[in-house]
Amino acid sequence: MVSGPLTLICPADLLGFGKMTASFEQLSPPQRLAIVYAPAKVRDAFALLLQFDERLSDIVSRITEPMIGQLKLAWWRDALNAAPGQRPKGEPLLSALSEMDRPELTAAAHRLVDAWEMLLMEEQWSDALLDRFAAARGEAVFAGFVGLLAKDLPVAPMAQEWAKRDLAARYPKAMPATLSLRTETLPSQRPLRPLTLLVMLSRGVSGPRLIWHGLTGH
């Protein structure tokens, strides 16, 4: 994972996005780079969506008993299903979600819970399971971002590539020997730049090359 250099080379202020929120600061420097390319009206919501993804990934990574993991994810599902005023207090992600009051963001977070729960259903992760997970997680994050933009843009192929490559980087020892990773052609449209940056990151691209893609789409 890329660390400090990206923060020095490409800070948010240098790109003209101004001061970012606490949600932004809690993500990795490469993720921050992707977020600063999002339109201002959805930047905080996109950052929160990525934080939900990170939190659920962390839950799955720490689980030794699938039943315990399912109980933890059930807590998140119930919390997301509750009305904003009825959600558990003291959880920053839920508080931020309630403050934003964006139903499309809540729906995307709910789909993330369903996606990460898939990985608790099988002791050994199979290619078929990872395909289903990648489709569900990719839709939650990538289609979730497009939904925040209120646009209709096709993102499924690159979303699934990102979801699977990113998972393989997080849990290399859990990947099946037959794992297949496709390399999709990335769209160059400016509105999708935050997503294509995430795909480039999942491919292991870093530093100036990642920043160049952010600036040019190439």
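Three short exercises with worked solutions follow. The model is predicted: local features need pLDDT of at least 70, side-chain atom pairs count only at pLDDT 80 or more, and totals for chains, interfaces and linings use all residues. Residues are numbered from 1 along each chain as its sequence is written, and side-chain values use heavy atoms, with hydrogens and water left out.

**Exercise 1.** Determine which residues of helix 3 are buried.

Solution.
- Set the cut-off. Buried means under 20% relative accessible area (1.4 Å probe, protein chains only).
- Fix the range. Helices are DSSP runs of H or I, at least four residues, numbered from the N terminus. Helix 3 covers residues 29-36.
- List the buried residues: Pro29, Pro30, Gln31, Arg32, Leu33, Ala34, Ile35 and Val36.
- Conclude. Eight of the eight residues are buried, so helix 3 is largely enclosed by the rest of the structure.

**Exercise 2.** Place Leu197 and find its contacts beyond four places in sequence.

Solution.
- Locate Leu197: helix 10, residues 193-202.
- Classify Leu197. Its relative accessibility is 3%, so it counts as buried.
- Apply the contact criterion, heavy atoms within 4.5 Å. The partners of Leu197 are Leu33, Ala34, Tyr37, Leu210, His213 and Gly214.
- Check one pair. Leu197 and Ala34 are 163 residues apart along the chain, yet their C-alpha atoms are separated by 5.6 Å.

**Exercise 3.** Do the same for Arg165, leaving aside neighbours within four places in sequence.

Solution.
- Locate Arg165: helix 9, residues 156-170.
- Classify Arg165. At 16% relative accessibility, this residue counts as buried.
- List the partners of Arg165: Leu181, Arg182, Thr183, Ser202 and Arg203.

Notes
Buried < 20%, exposed > 50% of the residue type's maximum accessible area, 1.4 Å probe, protein only. Helix = DSSP H or I, 4+ residues; strand = E, 2+ residues; numbered from the N terminus.
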